Amino acid sequence: GAPHARGDARALPAALADDEAAVAAGAAAARAEPTTPRLAGNLEQMRAIKEQQDEMLNKKFDKDLKDNWGLDTLVSVGESWLPAMMEQEARGQATDVPVLKLFEFLVASICLFMIDGEAYTEARELDLFKFSAPPGVRHRTWWTVAANAPGVDDTVEPEQERALAILVHIIGMHLGAAWKSLQLSVLTIWNVCARNAHMERHIIGAGTCARLLDIMNRAAWPPSLRDIAGGCLEFIVERHSNLAHFPAVSLPPEIAWPFQKAPSTGLVPSVAGYINLINSRLPLLEYRGAHGLARACFQAPYGCPDERGHLKEAKAVLAVLGGIDALVGLLKRVNRRYQDIVFGRKGSTTRHFGVEMTDDQRDIAHFEKDMSSLEAQEDIYFVTFAALLNVSVLKTVQPMLAKKGLGVLLGTNTMLYGHLMGGPAFVVPAMPETQKLLHLCSSIVQNLAQHPQNRTRMYKAELRGTAALDRLIEDATEVEANMELLALQTMLPPIASLGSPGRGTAGGAGGAAARRAARVDHVFGQAVPSGRARRTADRARRAASGAAAAA
């Protein structure tokens, strides 16, 4: 199905034959003459001529290969086999596996041709300042000068436009067996958009945003594909003009919107998609969703006319769509995973398919990033804290965040501080990033403390913390005293109890009670007796005192 090559490909064999004949004639002439210093020089000259001819042949061959197997040929082959691919999509099942493998190869080849080493640097608007003064003013000051960026040529070469059309068709498929082709297509689109602003505008106008949203929100796709789709979408929303190409999705009528103006186009579907990734409970997708929310609430897209208003809308959309609940729930899950690692407990953050994985599941897991390490949990911590810190600046969100997440934030802050100080229960030492995480967590708490409605809640939390600290000090003193009583009891002979028969000796009861009292809990790396242990410690103390008096 490939078209004829541009140029005369028949001239290549003839040129090769002529060059080989010339080289053979030169070699025969060299063998016929005797070996002399002059002949040695001729041989060197012949070798140089042969090297030049070889280089010329390589150039000719490369040019002919480019004409025959370039992007134009790949696109033509893809266009000729695309109907067979769409036929399997319509049936909903893979009936022609060779066609699927062919498109995996074609998309990978198109990716190599579309992504070159040189990236186009887009000229953007800059803030220019001028040190001057208006007429009649003595002192000069800095003035802002408005400067518009030069216009961008949106023309795309025909071969590239056809290649992009194939990629857009592929990412709109729902055939499960074609997920590798979709993943390669999304990866190619992401790289092309990041390297060339012309192609970015062309791809966005072809309906790419809706297809990426569908991939990101579809639970049937592998996590690696959903992760790449979320990352590509995260790059696209950083340009304000791209938001107009998102599907028009409005807030449900039962949700109370705090502003008179409706949210900007593109905010609701993108933020909802990131929240959906967080609620998937897969660490790879949790990281991508928290990262997207952190970026959306940190900086307005390029070219946004009202940056401050856009950031307020993004934070408000996050709050009304359940983003606070999703981030607080994610923080709880990361706390458990983090504690499993630093306390040396058995735990795993990887995805389990069952006792034995199938070939497809094993192939899918091969493309996933390992998220079971301590470094991966710290990465999720960082993006989660960044999203909560950015949204905690908004006054209207601070009471809701304090109500749902203040206790979790304070507990996380205490745990990170205990790990940083090197508590005895931590078997894994703290990493340098732990201090940064502790600073982010405490900054969120400080933002929540600034709202007047959170003062009572903060005061109650402070009282609970003070009471817990007092109990910790008292329990540590009681544990030390109980250990001394236990040592004294071992030196005394057993005395029969004066109570009812069958209850055992006082020494035996006191020893068993003391052994039960020795059981303690570990909270954030500190030894804290449990409530039952404290009660048994009191009974042990009374029993030991009675035994000493009887002796």
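**Note on helix packing in a predicted model**

1. Helix 11 passes helix 13 in a left-handed crossing. The structure is a predicted model, and the points below should be read with that in mind.

2. Helix 11 covers residues 283-296 and helix 13 covers residues 323-342. Their axes come within 12 Å and cross at roughly 135 degrees. Angles over 145 degrees would count as roughly antiparallel and 65 to 115 as roughly perpendicular; helix 11 and helix 13 are therefore oblique to each other.

3. Which residues of helix 11 meet helix 13? On the helix 11 side they are Pro283, Glu286, Ala290 and Leu293. Helix 13 contributes Leu327, Leu330, Arg333 and Arg337. By class, this contact divides into 5 nonpolar and 3 charged residues, with no polar ones.

4. A second helix pair is formed by helix 4 (residues 97-114) and helix 6 (residues 179-195). The axes of helix 4 and helix 6 come within 9 Å, and the crossing angle is roughly 10 degrees. Because angles under 35 degrees count as roughly parallel, helix 4 is roughly parallel to helix 6.

5. In the contact between these two helices, helix 4 supplies Leu100, Phe103, Glu104, Val107, Ala108, Cys111 and Met114. From helix 6 come Lys180, Ser181, Leu184, Ser185, Thr188 and Val192. The contact of helix 4 with helix 6 divides into 8 nonpolar, 3 polar and 2 charged residues.

6. Gln435 lies in helix 17, which spans residues 433-449. Is Gln435 buried or exposed? The relative accessible area of Gln435 is 53%; exposed means over 50%, so Gln435 is exposed. Leu420 is 15 residues from Gln435 along the chain, and the C-alpha atoms of the two residues are separated by 7.0 Å.

7. For the chain as a whole, the secondary structure comprises 20 helices and 4 strands. The chain has 551 residues, of which 38% count as buried. The exposed area is about 31100 Å², with carbon and sulfur atoms supplying 56% of it.

8. How are the contacts in the chain spread along the sequence? Among contacts between residues at least 6 apart in sequence, 70% join residues at least 24 apart.

Methods. Residues numbered from 1 in each chain as written. Predicted model: local features only at pLDDT ≥ 70, side-chain atom pairs only at ≥ 80, totals over all residues. Heavy atoms only, no water. Axes fitted to C-alpha atoms, helices over the stretch in contact; angles between N-to-C directions. Left-handed = near helix turned anticlockwise from the far one by under 90°. Contact = heavy atoms within 4.5 Å. Nonpolar A, V, L, I, M, F, W, Y, C, P; charged D, E, K, R; others polar. Buried < 20%, exposed > 50% of the residue type's maximum accessible area, 1.4 Å probe, protein only. Areas by Shrake-Rupley, 256 points an atom, 1.4 Å probe, with all protein chains shown as cover.
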